[in-house]
Amino acid sequence: MKTILVAVLAVCGSCAYAEAASEAQLKARLSDVFVKASAHYRALDAAATPLMRDASGRPRVPHGWLKWKTGKDELDMREIYWWTSGHFPGSLWLLHEATGEAYFRSRAMAWTELLRPVADYGGNHDIGFMMYCSFGNARRILKTDRYDDLLVQTAETLSRRYEPSLGLIRSWGDIADRDHFLVIPDNLMNLELLEVASKISGNPRFDAIARGHATKTRQNHFRADGGTYHVLDYDQRPGFLGSVQDIRRGQGLSCRTAWSRGQSWAIYGYAMMYRETKDPAYLAFAQRVADFAIGHPGMPADGIPYWDFGAPGEERDSSAGAVMASALLELADFVGGAKGAAYRAFAVKQLLALASPAYFSEGDEIGHWLLKHGVGHKPGDSEIDTPLSYGDYYFLEALLRFRASVSM
């Protein structure tokens, strides 16, 4: 642990003076960043509202920008059952929190209400993203219990994908499939819904499912160095039950490298699980996966990772940087001391980079989204060097976490 701490401190920067200067710089820029972000999302909302329903009347939510695919300046609108449907409403809630403007509350409410049917959607694990980023933020920011039943209902739906004999939630695939049981680190992000639902309802089953999945994932989904695999396929046959029958690269470069956003999901997921359960094993593991990312020799100087840690010199993924920054700010508070300060310094560095012209859009160059240079699924030739709704969401969340930690 001492060796890891020295390495992390070396990567994070330098003396306390430099860290204080970076914090002061970010603090000074917050107001301007939120003003610009608000203008972007007003324009984005205005462009998206006429497209809120398709020709058949089915609701749709902004997901991204189609220029990477078509060459045209067009919003990418997706059905409400697409995994990112909660991020645009969630960003509007975060902008309401940041600015206090009634406009953002009103528009967040309008887009959030579209997602009510998702509470019963059992097609994949992502309803945590979809419903907690939207209705969960509404509940938290408005300090209301009016969404409690809906969130518990959503947790019940997610729980149907849990297989007790494996101790895991199936990420992808039909729950009746006996040949394959696919699990990805992204799934850790949906455990927050279960933990909150457990507290709301008093039902310990949700907590047990979340802990079971987090623990089994911790045991199997990471290499000795703390790097993550993307897709594991678990065996369900008697005599082989619970063993890993296949490792797939998924959205990463290969099975031997770590996909950077998956690594960021893991940092965030285990920090969150420590917050919700106070289990020290999750805190220790969050540090292990964070140390892999921060100390990786392929990590760029500005802290915004390449789309895969095994792909230095290729595209950056601003969404991975945003998720990681938000996670590290929370993790820093839990860890404390010199190592916590190192995590915080790295997150501040990431946010300064993301708030700079290198990543932050100054006008409508990317369809009014905030962050340039996101990568969705490079092996699938999908969404390469483009804005991503979830990149914006976690960027705003990280900025708010930073603001809450400093006196303004």
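**Exercise 1. The second largest pocket**

Find out which helices and strands each supply at least two residues of the lining of the second largest pocket in this predicted model.

*Solution.* Start with the helices: helix 3 (67-70) and helix 10 each give at least two residues to this lining. Then turn to the strands, where strand 2 (75-79), strand 8 (374-377) and strand 9 each do so too. Next, look towards the middle of the pocket. Its lining has 27 residues, and those nearest the centre are Trp82, Trp83, Trp172, Gln251 and His377. Sorting the lining by class gives 11 nonpolar, nine polar and seven charged residues. Finish with the space itself, which comes to about 430 Å³.

**Exercise 2. A hairpin beside that pocket's lining list**

Work out how strand 8 and strand 9 are joined, and how many bridges do the joining.

*Solution.* Strand 8 and strand 9 run antiparallel, with three bridges between them. To pin down one of these pairings, take Val375: its bridge partner in strand 9 is Ile384. Now follow the chain through the turn. The hairpin has four residues between the strands, and Asp381 takes a positive phi near 55° there. For background, most residues other than glycine have a negative phi. Carry on into strand 9 (residues 382-386), where you'll find Asp385. Asp385 isn't a glycine either, yet it has a positive phi of about 60°. Is Asp385 buried, exposed or partly exposed? With a relative accessibility of 43%, Asp385 counts as partly exposed, because that class covers values between 20% and 50%.

**Exercise 3. One more positive phi**

Locate Lys278 and say which elements sit on either side of its loop.

*Solution.* Lys278 lies in the loop that links helix 10 (260-277) and helix 11 (280-295). Check its backbone next: phi is positive, about 60°, although Lys278 is not a glycine.

**Exercise 4. The three-stranded sheet**

Give the strand order of the open sheet, then name its edge strands.

*Solution.* The order is 5-6-7, and the pairing is antiparallel. Strand 5 (182-183) and strand 7 (244-248) each pair on one side only, so they are the edges. Helix 9 (residues 204-220) packs on this sheet and touches strand 5, strand 6 and strand 7. The direction of helix 9 makes about 105° with that of strand 6. As for the pairing inside the sheet, four bridges join strand 6 (residues 231-234) to strand 7. In one of these pairings, Leu232 is matched with Ile247 of strand 7.

**Exercise 5. Two residues and their surroundings**

Decide whether Ser159 and Pro185 are buried or exposed, and list what each one touches.

*Solution.* Take Ser159 first. Ser159 belongs to helix 7 (residues 148-159). Its relative accessibility is 4%, so Ser159 counts as buried. Leaving out residues up to four places away in sequence, Ser159 touches Leu194, Arg205, Phe206 and Ile209.

Now Pro185. This one sits in the loop between strand 5 and helix 8. At 0% relative accessibility, Pro185 counts as buried. With the same neighbours in sequence left out, Pro185 is in contact with His221, Thr228, Tyr229, His230, Gly262 and Trp265. For a sense of distance, Pro185 and Glu101 are 84 residues apart in sequence, and their C-alpha atoms are 35 Å apart.

**Exercise 6. The largest pocket and the cavity**

Find which helix gives the largest share of the lining of the largest pocket.

*Solution.* Begin with the volume, about 560 Å³. There are 28 lining residues, and the closest to the centre are Arg140, Glu192, Tyr268, Glu397 and Arg401. Several helices supply at least two residues each, including helix 4 (87-99), helix 8 (191-201), helix 12 (318-335) and helix 14 (389-405). The largest share is eight residues, and it comes from helix 6. By class, the lining divides into 13 nonpolar, five polar and 10 charged residues.

Then count the cavities: how many are of 30 Å³ or more? The count comes to one. The largest cavity has a volume of about 40 Å³. It is lined by 13 residues, with Tyr229, His230, Arg249, Ser254 and Thr257 nearest its centre. Its lining has five nonpolar, five polar and three charged residues.

Methods. Residues numbered from 1 in each chain as written. Predicted model: local features only at pLDDT ≥ 70, side-chain atom pairs only at ≥ 80, totals over all residues. Heavy atoms only, no water. Buried < 20%, exposed > 50% of the residue type's maximum accessible area, 1.4 Å probe, protein only. Contact = heavy atoms within 4.5 Å. Pairing = 2+ DSSP bridges. Axes fitted to C-alpha atoms, helices over the stretch in contact; angles between N-to-C directions. 1 Å grid on protein atoms, 1.4 Å probe; cavity = no way out; pocket = protein on both sides within 12 Å on 5 of 7 lines; lining within 4 Å. Points joined across faces, edges and corners; volume = space filled by probe spheres on them. Nonpolar A, V, L, I, M, F, W, Y, C, P; charged D, E, K, R; others polar.
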